[in-house]
Amino acid sequence: MTGFTSYMDIALEEARAAADRGEVPVGAVLVSPSGDILAREGNRTREMNDPTAHAEVLVIRKACATLGQERLPGYELWVTLEPCPMCAMTVSAARIAKLVYGATDPKSGGIGQGPRIFEHAQAHHVPEVIEGVRESESSNLLKSFFSARRCC
């Protein structure tokens, strides 16, 4: 692949910061067509008392507000975990060009698992999807987080 740049390191940093805040460790980065990072964020559902404050939704909101537009054609979203159905539909609605994610989510995923949102006619836009980038690191971060909460 010529010209491929990974932004998963930054998404993982955001996921670790989310874990430090007691949030499920998911991080996301939104990248412009020129390769600039427009937004980066981790989950904040507990902090914001908002069940929609997933990392993916937060970066899309920030980018749209910064640009003053509701769609992000040509942009890439990098996220450490397969997006849930809500986030997958948000990606579709925002017209994100490429979605790159780390770990698959057999329990709550919405792309390769469960409802497979991008296969539905209601998904008016389907991004290019690349899965498994830094999968083991993303998965291990989640496993460690939940293991620590089940212990003792």
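Here are some notes to help you find your way around this structure, which is a predicted model.

1. A good place to begin is strand S3, residues 76-81. Of its residues, 6 of the 6 are buried, so S3 is largely enclosed by the rest of the structure. Keep this strand in view, as several of the points below come back to it.

2. Look next at the strands that pair with S3. Strand S1 (residues 27-31) runs antiparallel to S3, and 4 bridges join the two. One pair to pick out here is Val29 with its bridge partner in S3, Trp78. Strand S4 (residues 98-103) pairs with S3 as well, this time in the parallel sense and over 5 bridges. Here you can find Glu76 with its bridge partner in S4, Lys98. To get from S3 to S4, the chain passes through helix H4, and this β-α-β crossover is right-handed.

3. Helix H4 itself covers residues 85-94, and its buried residues are Cys87, Ala88, Val91, Ser92 and Ala94. What do these buried residues pack against? Their partners are helix H3 (55-67) and strand S3. Just past the end of H4, have a look at the backbone of Arg95, where phi is positive, at about 60°.

4. Lys98 deserves a closer look. This lysine lies in strand S4. Is Lys98 buried or exposed? Its relative accessible area is 16%, and because buried means under 20%, Lys98 counts as buried. Setting aside neighbours within four places in sequence, its contacts are Tyr75, Glu76, Leu77, Pro127, Glu128 and Ile130. Glu76 is thus on this contact list and is also the bridge partner of Lys98.

5. On to the charged side chains: the model has 10 salt bridges in total. One of them joins Asp9 and Arg134, with N to O at 2.3 Å. Asp9 sits in helix H1 (residues 8-20), while Arg134 is in the loop between strand S5 (128-131) and helix H5 (135-150), so this pair ties together parts that are 125 residues apart in sequence. Asp9 is partly exposed, at 42% relative accessibility, and Arg134 is partly exposed too, at 28%.

6. A second salt bridge is formed by Asp50 and Arg61, at 3.7 Å from N to O. It links distant parts of the chain: Asp50 is in the loop between helix H2 (45-48) and H3, Arg61 is in helix H3, and 11 residues separate them. Asp50 is buried, with a relative accessible area of 19%, whereas Arg61 counts as partly exposed at 39%.

7. Finally, which residues are linked in a network of salt bridges? They are Arg21, Glu41, Arg44, Glu47 and Lys62. Within this group, Arg44 forms a salt bridge with Glu47, and their closest N and O atoms are 2.5 Å apart. Arg44 is buried, with a relative accessible area of 19%, while Glu47 is partly exposed at 46%.

Definitions and conventions: Residues are numbered from 1 along each chain as its sequence is written. This is a predicted model: local features need pLDDT of at least 70, side-chain atom pairs count only at pLDDT 80 or more; totals for chains, interfaces and linings use all residues. Side-chain values use heavy atoms; hydrogens and water are left out. Buried means under 20% relative accessible area, exposed over 50%, partly exposed in between (1.4 Å probe, protein chains only). Contact means heavy atoms within 4.5 Å. A salt bridge is a side-chain nitrogen of Lys or Arg within 4 Å of a carboxyl oxygen of Asp or Glu. Two strands pair if DSSP finds at least two bridges between them. A crossover is right-handed if, with the strands pointing away from the viewer, the path from the first strand over the helix to the second runs clockwise.
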